[in-house]
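Me: Could you take a close look at one part of this model for me, the protein surface around DNA strand C? I'd like the contacts spelled out, and then a word on how the copies and their charged pairs fit in.

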2 protein chains.
Amino acid sequence: MAEYHASRNTVRGAIKELATLGVVRTLHGKGTFVTEHVNPIVTTLTTDPETGAGGGEGLVYTAEVAASGRSATTSEPDVRIQKANADIAHSLRILVGTEVISRGEQRYIDGRPWSLQTSFYPKSLARRAPRLLDADSIDEGTVAYLRERGIQQAGYRDAIQVRIPDKNETDYFNLPADGRIQVVEIYRVAFDQNGVRVRLTITVYPADRNRFVINVGRVPISDMLIKAVDESSG
Amino acid sequence: MAEYHASRNTVRGAIKELATLGVVRTLHGKGTFVTEHVNPIVTTLTTDPETGAGGGEGLVYTAEVAASGRSATTSEPDVRIQKANADIAHSLRILVGTEVISRGEQRYIDGRPWSLQTSFYPKSLARRAPRLLDADSIDEGTVAYLRERGIQQAGYRDAIQVRIPDKNETDYFNLPADGRIQVVEIYRVAFDQNGVRVRLTITVYPADRNRFVINVGRVPISDMLIKAVDESSG
DNA sequence: AATGATTTGTTCGTATGTATT
DNA sequence: AAATACATACGAACAAATCAT
């Protein structure tokens, strides 16, 4: 106020703008602090056909994060049986109201919330893969477990969009409630060897500290190395 | 103000929040209007190895958009020769200050600004592919032209991040200047058959009206059909 | 073409509430 | 309990863009 000969309200407005731009962060009762630049966490969405590495889910993300010297942890899965809403039904090509198994997980990096992931499986899969209904983590990963049970993942399709976080997400990620910081939402539909949709996985990441990489065609191996701290761009 | 017995400033603050959430949009002197939901434009980032379709650049995006009944147009390229900054140099694995060819384009859908795309090539490429220096559009697409000149694109890597738009982008896309609506920035580094980096393409899209799709492994052909209006999710 | 009404944008001064230290 | 700092609200004035007359 003294420096710019402006009123408190004006300074407040300016600080709000800086907060929108991500330059500062305000904490009620504590103060306003310049944001420290966080190196984005890099997730590779494509699978390397040779090594099988990548994909950004299950065990792979743990390995990918660990490779960058960070520690990845996952909550126990929240396993539910519910009826498919229009969104889930459309993605899995089943009828609305059909029962599905949902397995939700909270994922942390270095103890800080990193992403929210929920997978939906047609309930009929449980006949051949009963452990989908267990409330324990499937240590080898559900993709490996399903393959073991004869359900191979032949491919998948990701749809990536950016949107305003909902209440759940602002709470979990500790984001401001006014939607200044957005989230990246990735819908992954996995297909089995017959082209049947066996899984829908929805993963939500805060947009400001994540980066996503996809490799297409022949990319030099040296560049396939996972670097969670990518010094390029920005 | 009458309905909620609140002051103008309070109502203004509320409207600002609604604008941040994307519910309304204010136009100076005209009024405040509820936002009409726009169906996102879908861009497929992966290339179908069989058909060669996809990739989201050059001719492909025109075809992809046309398939959804919209019309795609592109400005004449803004061709420049400039020195590589740290970002470009790192992406192309060249020294900072090395001369590069930049070709920038503004891309429109149905006459409305859709994306900004700039490609950078090492200037040494111009020996074998002199038309890179022409200020005309390369109608068959630069990827096809380079292949014709013996420089094949064997693969590419995309890095996707979300950030606040700069002045250029808010002007071009007609976004609010306070960074409420963010942009998706995609860095694409293309490799030739020897694993050499031949191109860096940076494409910027407004985050609120675009969706990106990637296909990995075997995805049913029926699902490869491009749908610029995807009724799933949201 | 000019003017006034309407609407959003910006700033100020002031007061009160609430979380933190 | 007091001081500090952010959050919310009110009333007022003026600027700037648009629109109707």
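Reply: What follows starts at the DNA and then moves on to the two chains and their salt bridges.

Keep in mind that this is a predicted model. Around DNA strand C there are 17 residues, and the ones that come nearest are Asn9(A), Thr10(A), Lys30(A), Arg8(B) and Arg12(B). On the DNA side, sugar and phosphate make up 56% of the strand C atoms that come within 4 Å of the protein. Sorted by class, that protein surface has 12 polar, 3 charged and 2 nonpolar residues.

Now for some individual contacts. Two go to phosphate oxygens of DNA strand C: a polar backbone atom of His5(A) sits 3.5 Å from one, and a polar side-chain atom of Thr32(B) is 3.0 Å from one. Asn9(B) goes for a base instead, with an N or O atom of its side chain 3.4 Å from a base oxygen of DNA strand C. As for secondary structure, the elements giving two or more residues to this surface are α1 (8-20) of chain A, plus α1 (8-20), β1 (24-27) and β2 (31-34) of chain B. The top contributor is α1(B), with 3 residues.

How do the two chains relate? Chain A lands on chain B after a rotation of 180° with 0.1 Å of shift along the axis, at an RMSD of 0.2 Å. The copies are therefore related as by a two-fold rotation axis. In chain A, Arg180(A) has the C-alpha nearest that axis, at 3.1 Å. Both copies use the same surface, as 100% of the contact residues of chain A recur in chain B.

In chain B, Arg180(B) pairs with Asp178(B) in a salt bridge, 2.7 Å from N to O. Arg180(B) counts as buried at 15% relative accessibility, and Asp178(B) is buried too, at 18%.

Over all chains, the structure holds 17 salt bridges. Another one joins Glu99(A) and Lys123(A) at 3.2 Å, N to O. That pair ties together distant parts of the chain, 24 residues apart: Glu99(A) is in strand β6 (residues 99-109), while Lys123(A) is in the loop between β7 (112-122) and α4 (142-148). Glu99(A) is partly exposed at 35% relative accessible area, and Lys123(A) is partly exposed at 33%. Arg131(B) and Glu140(B) form a salt bridge as well, with their closest N and O atoms 3.3 Å apart. Finally, Arg163(A), Glu169(A) and Glu185(A) are linked in a salt-bridge network.

How values were computed. Residues are numbered from 1 along each chain as its sequence is written. Chains are lettered from A and ligands numbered from 1 in the order in which they are written. This is a predicted model: local features need pLDDT of at least 70, side-chain atom pairs count only at pLDDT 80 or more; totals for chains, interfaces and linings use all residues. Side-chain values use heavy atoms; hydrogens and water are left out. Copies are superposed by least squares on the C-alpha atoms of residues with pLDDT of at least 70 in both. Contact means heavy atoms within 4.5 Å. A residue is near a molecule or strand if one of its heavy atoms lies within 4 Å of it. A polar contact is a pair of N or O atoms within 3.5 Å; within protein, one must be able to donate a hydrogen and the other to accept it, and residues adjacent in sequence count only if both atoms are side-chain atoms. Helices (H or I, at least four residues) and strands (E, at least two) are DSSP runs, numbered from the N terminus. Ala, Val, Leu, Ile, Met, Phe, Trp, Tyr, Cys and Pro count as nonpolar, Asp, Glu, Lys and Arg as charged, and the others, Gly among them, as polar. A salt bridge is a side-chain nitrogen of Lys or Arg within 4 Å of a carboxyl oxygen of Asp or Glu. Buried means under 20% relative accessible area, exposed over 50%, partly exposed in between (1.4 Å probe, protein chains only).
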